[in-house]
Amino acid sequence: MAEFLVGAAAFILGMVALGLVRLLRGPGDADRIMSAQLLGTGGIAAVLLLGTATGERATLDVALTLALLAAFAAFAFVKAKLAQTPGESRAADSQ
Amino acid sequence: MIEILNFGLAALILGLAVWAVVAREAPAAVVGFIVYGLLLTLVWLQLQGIDVALTEAAIGGGLTGVLLINAAVRLRSTESTARAQRPSASTRWLAAALSATVTGALAICVLALPEPAPTLAPEVLANIAVTEVGNPITAVLLAFRAMDTLLEAIVLLFALIGVWSLAPDRAWGGRPGLLQQADPNGMLDYVARVLPPIGIVAGIYIFWIGADYPGGKFQGATLLAAMWLLVMMAGLADAPPISRSWLRWLLVAGPLAFIAVGVVGAVTAGAFLSYPHGFAKTLILVIEFALMPTLTLILGLILLGAPLRGEAA
Amino acid sequence: MKLFLDLWTVVAVVAGAFFFFAGTVGLLRFPDSLTRLHALSKADNLGLGLVVLGLLPQVDSVSAGLKLVGIWLLVLLSGATAAQWIARTFRQSGTDP
């Protein structure tokens, strides 16, 4: 069973790593942050699979930390973009 | 199978490191670096360093990303000018030679490490019983090498003072960072109301289990600081003015308690920071408990940056 | 019983891995940012959910199982709101993300 779980973790990591092509190509910053978001979720899945495969309980806490902060960078990113273009964020306000 | 996974991880990490250096636009490089931090968490897990993985997850997944994003946004207006000023060929060659030398020296050092590496781990395990804590990392950080941890806490405080010293004179004593406007859609507002209660419980939980399992005050404090930043990002609360005396007291409370415990040790157990027999775990918990709010505050305030506004909100 | 539980794990984890695959394909192949966002926020949360469901029979305590489900719920919460927020913000500000 452990071998299968490690294999699944490797497959999922490989898949979400392919999504990093969006990090290279963009075109926009939103696409880049999306590829990071996908890798974050895939990373949590891989941590859970590897943790179950090794039977190490503490890896669950690592996954818990990652899950709590999963979208933190995305929030900061959009917030920073809004702050950077005050005219546009005011336009969003009025809608 | 595990070899394929490890090899893939190593290749990805190297690729992302190159990307973070060569990417033309700062935001693209920053996202690359955030992903790099995520993968580093997995690497530490594969190296059995769960304590480090936990720290990397909290710092890399939360705080470093925000720090770099804010820096990238700040630098954006100067980016085109910086790109226009191309350094001369000799400067670039010099920089390349310097980088190559440093890399080469590091490689030689790593390759020259004795095999097997000298380790104090067996001695830690032989003596861990006297500290009464179950997690060897905590035993090292707060008993065998407590002095290092004390100095690290003080270094963090110095880092905060360094950040504050960048404040313009008129804003000194005021509130750090820019005023955050509430998000018009209410989406961030929603997350900033739902997530922090869960995050605070998780942060305290990770602090609490640190005595016996991977975890501890630093990882817990990082989570708490991230939750605090989320609330401020959503515009639900404003940063406190740095001239407040409660804030100043909280900032020094952790190190002061640590030093006080050290002095008690000097009187009762014969050496600074040594714990009297039978009280080791209690005193370790006292130190961790006192350091936690201080670390949370310091990490949050370093992320917010120098004071830029007056006291009025 | 053990065989049945292991079979459940294999089926659910494989299904979860498939959704990660689908999410990546969507992220790479869909024509514009908003559709890519849609593909990603659906697929990766479903993918993680199935992996969590698959791992549930393999953990040794109830608290570990609850933690697994809690991790999934946290990712659902922050992933869904982040996707919504990115989409709405960029649509309302009228800029191309």
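Where does Leu38(A) sit, and in which helix of chain A? Click on Leu38(A) and you land in helix H3 of chain A. Keep in mind as you go that this is a predicted model, with ipTM 0.87 and pTM 0.87.

**Stop 1: Leu38(A) and its surroundings**

Stay on Leu38(A) and show what is around it. Leu38(A) counts as buried because it has 32 C-beta neighbours inside 10 Å, where the cut-off for buried is 20 or more. Next, pick out its contacts, leaving aside residues up to four places away in sequence. From its own chain, Leu38(A) touches Val16(A) and Gly19(A). From chain C, the partners are Gly23(C), Thr24(C), Leu27(C), Leu40(C) and Asp44(C). If you like to use the distance tool, try Leu38(A) to Leu20(A): they are 18 residues apart in sequence and 8.8 Å apart in space, C-alpha to C-alpha.

**Stop 2: where chain C meets chain A**

Now colour chains A and C separately. Here 43 residues of chain C are in contact with 42 residues of chain A. On the chain C side, select helix H1 (2–29), helix H2 (33–55) and helix H3 (62–93), each of which supplies at least two residues. H3(C) gives the most, with 16 residues. Colour that side by class and you get 24 nonpolar, 14 polar and 5 charged residues.

How confident is the predictor about chain C, going by its mean pLDDT? The mean pLDDT of chain C is 84, and 95% of its residues reach 70 or more. Among the elements of chain C, H1(C) has the highest mean pLDDT (88) and H2(C) the lowest (84).

**Stop 3: where chain A meets chain B**

Bring chain B back into view. This contact takes 41 residues from chain A and 42 residues from chain B. On the side of chain A that touches chain B, the elements giving two or more residues are helix H1 (2–18), helix H3 (29–54), helix H4 (59–68), helix H5 (72–84) and helix H6 (86–94) of chain A. Which of them gives the largest share? That is H3(A), with 10 residues. By class, this side of chain A has 27 nonpolar, 7 polar and 7 charged residues.

**Stop 4: the nonpolar core**

Select Ala9(A) and Ile12(A). In the largest nonpolar core, which has 148 residues, these two touch the most other members. The core lies between domain 1 (1–82) and domain 3 (134–313) of chain B, because both give residues to it. Zoom in on Ile12(A) and set aside its neighbours within four places in sequence: what remains in contact is Gly42(A), Ala45(A) and Ala46(A), plus Ala17(C) and Phe20(C) from chain C.

**Stop 5: chain B as a whole**

Hide the other chains and pull back. Chain B has 11 helices and 2 strands, and from the N terminus on they run α-α-α-α-α-α-α-β-α-α-α-α-β. Its C-alpha atoms fill a box of roughly 65 × 55 × 40 Å along the principal axes. Of the 313 residues in chain B, 37% are buried. Among contacts in chain B with a separation of 6 or more, 73% join residues 24 or more positions apart.

Colour by domain next: the assignment gives domain 1 (1–82), domain 2 (86–118) and domain 3 (134–313). The centres of domain 2 and domain 3 of chain B, taken over C-alpha atoms, are 35 Å apart.

Then switch to pLDDT colouring. Chain B has a mean of 86, with 98% of its residues at 70 or more. Helix H4 (residues 89–111) of chain B has the highest mean among its elements (93), and strand S2 (residues 307–309) the lowest (82).

**Stop 6: two helices of chain B**

Select residues 217–233 of chain B, which form helix H9. This helix has 17 residues and reaches 24 Å from its first C-alpha to its last, close to the 24 Å expected at 1.5 Å a residue. Is H9(B) mostly covered or mostly open? Mostly covered: 15 of its 17 residues are buried. Just after H9(B), look for Gly235(B), which takes a positive phi of about 75°.

Finish on Leu303(B), in helix H11 (residues 280–304) of chain B. Leu303(B) counts as buried because 22 C-beta neighbours lie inside 10 Å. Beyond its neighbours within four places in sequence, Leu303(B) is in contact with Leu63(B), Val66(B), Leu67(B) and Leu229(B). For a last distance, Leu303(B) and Gly37(B) are 266 residues apart in sequence and 17 Å apart in space, C-alpha to C-alpha.

Technical notes. Residues numbered from 1 in each chain as written. Chains lettered and ligands numbered in written order. Predicted model: local features only at pLDDT ≥ 70, side-chain atom pairs only at ≥ 80, totals over all residues. Contact = placed C-beta atoms within 7 Å. Helix = DSSP H or I, 4+ residues; strand = E, 2+ residues; numbered from the N terminus. Nonpolar A, V, L, I, M, F, W, Y, C, P; charged D, E, K, R; others polar. Expected span 1.5 Å × (residues − 1). Buried ≥ 20, exposed ≤ 12 C-beta atoms within 10 Å, placed from the backbone. Domains from an automatic or database assignment. Core = buried A, V, L, I, M, F, W, Y, C linked by C-beta atoms within 7 Å. pLDDT = per-residue confidence, 0-100.
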